[in-house]
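Here are some notes on the model, set out as numbered points. Please read them alongside the coordinates.

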Amino acid sequence: MLQQAEAAFGRERTRRWGPRTLDLDLLFFDDLVYQDPTLTVPHPGIPNRRFVLEPLFEIDPDLIHPNLHLSIRGLLERVADPCRVVRVAGPPCQDS
């Protein structure tokens with residue numbers, strides 16, 4: 001379903017791991033731990049990506065990763081990713 005949504009918004013898959021205009025990933029699904037050739041839940045990149053951990057921290061810093069048994073807070077404290085995450089503000093909402 002996520003790949004269908006990407007396609008509906010114009011994502012083209014030109015090469016694996018290449019640049020993309022839109023990338024939707026399933027990070028967690030409750031406490032599910034699942035792996036097959038096409039899907040791994042929780043997403044294996046979570047503990048290594050600051051750009052994933054920082055927004056998750058804002059949503060639920062105490063969420064526990066079901067494989068690693070660490071909170072998002074704990075993962076963020078340990079992440080080696082040196083990249084800086086910058087919030088981009090959208091336009092202000094207008095009351096109608």
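How exposed is Glu-54, in terms of relative accessibility?

1. The model is predicted. Within it, Glu-54 has 24% relative accessibility and therefore counts as partly exposed, the limits being under 20% for buried and over 50% for exposed. Its side chain meets that of Arg-50 in a salt bridge, at 3.6 Å from N to O. Both residues belong to helix 2, where they sit four residues apart, about one turn of the helix. Arg-50, at 19% relative accessibility, counts as buried.

2. Helix 2 covers residues 50-59, and its buried residues are Arg-50, Val-52, Leu-53 and Leu-56. Viewed down the helix axis, these buried residues fall within an arc of 155 degrees, so they line one face of helix 2. The face turned away from that buried side carries the exposed residues Phe-51 and Glu-58. Helix 3 (72-78) is included in what covers the buried residues of helix 2.

3. The largest nonpolar core has nine residues, among them Phe-28, Ile-46, Val-52, Leu-53 and Leu-56. Ile-72, Leu-75, Leu-76 and Val-79 also belong to this core. Helix 2 and helix 3 are the elements that give two or more residues to it. Nonpolar side chains tend to be buried together in soluble globular proteins. Ile-46 touches several residues beyond four places away in sequence, including Leu-27, Phe-28, His-65 and Leu-75.

4. By the distance rule used here, the count of salt bridges is five. One of the pairs is Arg-87 with Glu-58, at 2.4 Å from N to O. Arg-87 lies in the segment after helix 3 and Glu-58 in helix 2, so the pair ties together parts that are 29 residues apart in sequence. Arg-87 is exposed at 63% relative accessibility, and Glu-58 is exposed at 56%.

5. Arg-73 forms a salt bridge with Asp-62, the closest N and O atoms being 3.2 Å apart. This pair links distant parts of the chain, with Arg-73 in helix 3 and Asp-62 in the loop between helix 2 and helix 3, 11 residues apart. Arg-73 counts as partly exposed at 34% relative accessibility, while Asp-62 is exposed, with a relative accessible area of 51%. Glu-6, Arg-11 and Asp-23 are joined into one network by salt bridges that share partners.

6. The backbone has some points to check. Most residues other than glycine have a negative phi, and most peptide bonds are trans. Asp-30, in the loop between helix 1 and strand 1, has a positive phi near 50 degrees. Its relative accessible area is 66%, so Asp-30 is exposed. His-69, in the loop between helix 2 and helix 3, has a positive phi near 55 degrees. At 61% relative accessibility, His-69 also counts as exposed. The peptide bond from Val-41 to Pro-42 is cis, with omega near 0 degrees. Pro-42 is in the loop between strand 2 (39-41) and helix 2.

7. On the surface, Leu-2, Leu-24, Leu-26, Phe-29, Leu-32, Tyr-34 and Leu-39 make a nonpolar patch of about 560 Å². Phe-29 is placed in the loop between helix 1 (2-8) and strand 1 (34-36).

8. Met-1 lies in the segment before helix 1 and is exposed, with a relative accessible area of 84%. Met-1 and Thr-38 are 37 residues apart in sequence, and their C-alpha atoms are 13 Å apart in space.

Notes
Residues numbered from 1 in each chain as written. Predicted model: local features only at pLDDT ≥ 70, side-chain atom pairs only at ≥ 80, totals over all residues. Heavy atoms only, no water. Patch = residues over 30% accessible without salt bridge, like charges linked within 9 Å, V, L, I, M, F, W, Y side chains within 5 Å. Areas by Shrake-Rupley, 256 points an atom, 1.4 Å probe, with all protein chains shown as cover. Salt bridge = Lys/Arg side-chain N within 4 Å of Asp/Glu carboxyl O. Buried < 20%, exposed > 50% of the residue type's maximum accessible area, 1.4 Å probe, protein only. Arc of directions from axis to C-beta. Contact = heavy atoms within 4.5 Å. Core = buried A, V, L, I, M, F, W, Y, C linked by side-chain atoms within 4.5 Å.
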